[in-house]
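Visitor: Please take me through one part of this model at close range. I would like the charged pairs and the strands that carry them.

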Amino acid sequence: MKPKFIRILITIITLSSCDNQVVANFEIINKTGFKIDALKIEPMVITDGKYISLNPNDKVKYKADMTGIAKIDGSYRLSYKQNGEFIIKDFGYYTNGYPTEKLTRIEIGKDTLKFDIEFENY
């Protein structure tokens, strides 16, 4: 009975460790002096996602789930609402459905966007 239980336990642990979630990591800073609303970052092939709001000088970490997208190349889309205006900007690059960077820092200014990309050290 004990060896059978151990084999079942090992099988369950092995299968649960196969979670191949693909996530793109972003850090966003609001330097506009205004509240930013309805912000989201997603691969361009996804139309839904999680929306966040940022008060002036807020800094947040944002994770875009890329698990279900096709294994293709593409870019990300940043969209948000600032002072009643909806802003959309395409940026970055992912390949075969995976992010090419470890972390992308985004600084949102009144009329500028700054992107700083951190790659993995191999």
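Guide: A salt bridge here is a side-chain nitrogen of Lys or Arg within 4 Å of a carboxyl oxygen of Asp or Glu. This is a predicted model: local features need pLDDT of at least 70, side-chain atom pairs count only at pLDDT 80 or more, and totals for chains, interfaces and linings use all residues. Residues are numbered from 1 along each chain as its sequence is written, and side-chain values use heavy atoms, with hydrogens and water left out.

The structure holds eight salt bridges. Take Glu27 and Lys61: their closest N and O atoms are 3.3 Å apart. Glu27 sits in strand β1 and Lys61 in strand β4, 34 residues apart, so the pair links distant parts of the chain (strands are DSSP runs of E, at least two residues, numbered from the N terminus). Glu27 is buried, at 9% relative accessible area. Lys61 is exposed, at 65%. The cut-offs are under 20% for buried, over 50% for exposed and partly exposed in between, with a 1.4 Å probe and protein chains only.

Now the strands themselves. β1 (residues 23-30) and β4 run antiparallel, joined by seven bridges. One bridge pairs Ile29 with Lys59 in β4. Two strands count as paired if DSSP finds at least two bridges between them. Four strands form an open sheet of mixed pairing, in the order β4-β1-β8-β9. β4 (59-65) and β9 (113-118) are the edge strands, each pairing on one side only.

The β9 edge carries charge too. Glu118, in β9, forms a salt bridge with Lys102, the closest N and O atoms being 3.8 Å apart. Lys102 lies in the loop between β7 (98-99) and β8, 16 residues from Glu118. Both ends are partly exposed: Glu118 at 27%, Lys102 at 41%. Shared partners join Glu27, Lys59, Lys61, Lys102, Arg105, Asp116 and Glu118 into one salt-bridge network. A further salt bridge joins Lys114 and Glu107, with closest N and O atoms 4.0 Å apart. Glu107 is partly exposed, at 28% relative accessibility.

Next to Glu27 in sequence comes Phe26. Beyond its neighbours within four places in sequence, Phe26 is in contact (heavy atoms within 4.5 Å) with residues including Ile41, Val60, Lys61, Tyr76 and Ile106. So Lys61 appears twice: as a contact of Phe26 and as the salt-bridge partner of Glu27.
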